[in-house]
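Let's take a friendly walk through a protein together. Have a look at the fold first, and then we will visit a few parts of it one by one.

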Amino acid sequence: MKKIASPLPPFWRSLLSLAAAAALSACATAPGPQATGPVTAADVAKAPPVKPSMAPDVAVTPAAPAMASVAQTPVANPVDPLRPDESVDLNAGNAHVDLWSRVRSGFTVPDLDNDYVRRAEQWYSQRPDYVQRMTERGGRYLYHIVEEVQRRGLPTELALLPFIESAFNPQALSTAKASGMWQFMPATGRDFELRQNMFRDDRRDVLASTRAALDYLTRLYGMFGDWHLALAAYNWGEGNVQRAVARNAKAGLPTDFENLRMPEETRYYVPKLQAVKNIVIKPDAFALALPDLKNHPYFLGVPIERDIDVALAAKLAGLSLEEFKQLNPQMNQPVILAAGTPQVLLPYDNASTFVSNLSRYRGQLASWTAWVVPRTMRPADVAKELDVTESTLRDVNRIPLRMLVKAGSTLIVPRTEQVARDVAEHIADNASIALAPDVPPLQRVVIKAARRGETVAAVARRTHTTVAQLSAWNKVSAGGRFGPGAPVVMYLQAKAAQVAMNSEPEPEPVAKVAAKGRVKAEPAEQRSVAHAATPQKRAVASRSEPAKRVAAARPAAPTPAPRGAAGRSAGNVKVAEARESTSRR
C-alpha cells in the first residue's frame, strides 16, 4: 500500500476505516487494545481494532467468547447509488469544481422575460434568509440530481425544479396531498412506480422520486416538444395543457406557453423557475449569495441486510434522528425493513462510521416487526394475543378509539426474542391497515307500510331512521312513497330494530278524517231529511231508517256543532222544510 501522509484526506480516512473494520471482523474473537488517534497505513497493516465514532448512548460490544452464539450482523460497503461499481474519490481533480458552475453550463431551456419573472425575482431577492436556507438544504441533493439529469441528456434547469416545488424539502406535503421534494400526487406517484404503503412512501425517497420526476418530465417533453409546456403540464396536468393547446389551435392563436389560457398558479410557475435560474446565473445582481457546493457526492448508499430500527440506524451513523430523516424521509414506521428498503443514504463520513459501528454491534437490531391480522379484531384482543399493551399497539399503528382492525391488515408490533426472522418482501411491499367502526352487528328488519301507503319521510319518522337511509336501503327516491302494505327493509342494531318493528303507522290528521266523513255523510243526511215530507220520498226515507238508528246509537258529540259547512247544511234543511210547507198550502 502506498504511504499516505498524515493527516489523511476525508476519503482515505473513510476508506481506511472500512479496511480496519473488515480486518477486525476477521479477528473478532481475540480483540486487542483500542487504538486512538487517526488511522494510518501502519495501523491497517497490523489490523488492530479501531474505536468507532458514534453517538454517546450507543453501546457497541466487541465479540467475545461468551457471546459466540450471537450471529454477526452482515455489513456491506457504502457506494455511490448512481455509480455503485465505481469508487468515490473526493480528491479527484473535478471533485473540487464548483457545482453551481456545472449547473450553469447545462442550461438549455429558452429564457422567459416577462412581468411574472420580474415579480418572482423581486420576491426571492427580498428574502435572502429563505434563499440561504433553501440552497443549503438543496446542497445535500443537488449533486445527485445534476448527475442524473446530465446522464439523461436533459437541461440542468430541471435540477432546480425542487426549489419551486418544495424548497428542497423531501418531507413537504401540500394541502392537495402532493408529497416529497418533487411533489407527486398519490396517483401520479403510483403511475411512476413510487410505492406508498404503511412502511414507506417513495414519493419522499430522494433517489426514487428524482428518477420518477425525470421520467415524467421526459415523457411530457416528448408529448409537447417544448420545455415550457412540459413544465406547465408538470404543474397543471398534461390533459389540461393539451386542451389549452387544442383550443388555441382551433381559434388560430399561438400555442406557446405565454399565449395559452391557464390558471394563475401555472402562469406563475414557469416564470418562478426562470427567476431561480437567473439568480443561479448571477446571484450578485440580486444581492444574494449561494453556498459553496463541491462537485462530489454529499451522501453514499449503505446496503441494509437486516431489519433495523430507524433510531438505532441514526445512532450507529452518529447522526441525530432529524439528520437521518433528511436523507431517508420515506420511512413511515420506526423500523426499516431490509426487504423493502435495500439501502439507506448517509453523509459521506457518516457512512463509514455506520459500517464500522454496525460490524461490532451485537444487540437486537429491530425491536419491531409486522403481524398480519388473521380475522377482524378489536385492538384490545390483538394486544392480549400478542402480550403487548393496548396503548402501545394503538400509538405505533395510529388506531383511533372505537375502531376494529379488519382481517388481512398488517400491524407493527414489538419483536420478541423468539422472532428472529425479518419481515417478508411481499409484506414490506404491500402492507396496509384497514379499520372499521367498532359497533354491534346490524340486523335486517322488514316491516310493512300502512294499508293506505306511506311516504318515505313518514316511515323514517316512525322507525327513527333517516330518509337517506330508507332511500338507499329500498332504492326509492327521498320524496317517494311506499305502496299500501309494501315491505320496507332496514338494517339496524338490535335495540333500534326492536323499536322499528314495534312502530305503528302515523294516524291521519283529524281534520282530514272529518273532511272525508263530511263529503260522504252530508248529502245523504240532506236527502233523508229535506225530502222526507214528500209522499214520493217517504219510502226512500223509511229505507234509510236502519242507518239512522245506527247513527243515533252512537254517542252524541259533547261539543256544539261547528259553524261552517255543517251549519250551512242545517240552514239548508230549514229552507227546504219551509218550501215544502208552502207548497202544501
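A good place to begin is strand 4, residues 343–347, where 4 of the 5 residues are buried. Keep in mind that you are looking at a predicted model. Which strand is joined to strand 4, and how do the two run? The partner is strand 1 (residues 299–303), and 5 bridges hold the pair in an antiparallel arrangement. To find one of these links yourself, look for F299, whose bridge partner in strand 4 is P347.

Now let's step back to the whole chain. It contains 25 helices and 12 strands, and 43% of its 585 residues are buried. Counting contacts between residues at least 6 apart in sequence, 71% join residues at least 24 apart. On the outside, the protein chain exposes about 31600 Å², with carbon and sulfur atoms supplying 54% of that area.

Next, look inside. The largest nonpolar core is made of 67 residues, and W182, F184, L217 and Y234 have the most contacts within it. Helix 9, spanning residues 206–224, gives the most to this core, with 9 residues. What does L217 touch, once its neighbours within four places in sequence are set aside? It is in contact with L158, L161, W182, W227, L231 and Y234. Another core lies apart from this one, with 25 residues that include L316, Y348, F354 and V355.

Our last stop is residues 451–477, which an unreviewed UniProt entry annotates as "domain: LysM". Over residues 451–477, the chain is 59% helix and 7% strand, and the C-alpha atoms at the two ends are 20 Å apart.

Terms used:
Residues are numbered from 1 along each chain as its sequence is written. This is a predicted model: local features need pLDDT of at least 70, side-chain atom pairs count only at pLDDT 80 or more; totals for chains, interfaces and linings use all residues. Side-chain values use heavy atoms; hydrogens and water are left out. A nonpolar core is a set of buried Ala, Val, Leu, Ile, Met, Phe, Trp, Tyr and Cys residues joined through side-chain atoms within 4.5 Å. Buried means under 20% relative accessible area, exposed over 50%, partly exposed in between (1.4 Å probe, protein chains only). Contact means heavy atoms within 4.5 Å. Two strands pair if DSSP finds at least two bridges between them. UniProt positions are given in the numbering used here, feature names are shortened, and annotations may be inferred rather than shown by experiment. Accessible areas come from the Shrake-Rupley method with a 1.4 Å probe; for residues, only the protein chains shown count as cover.
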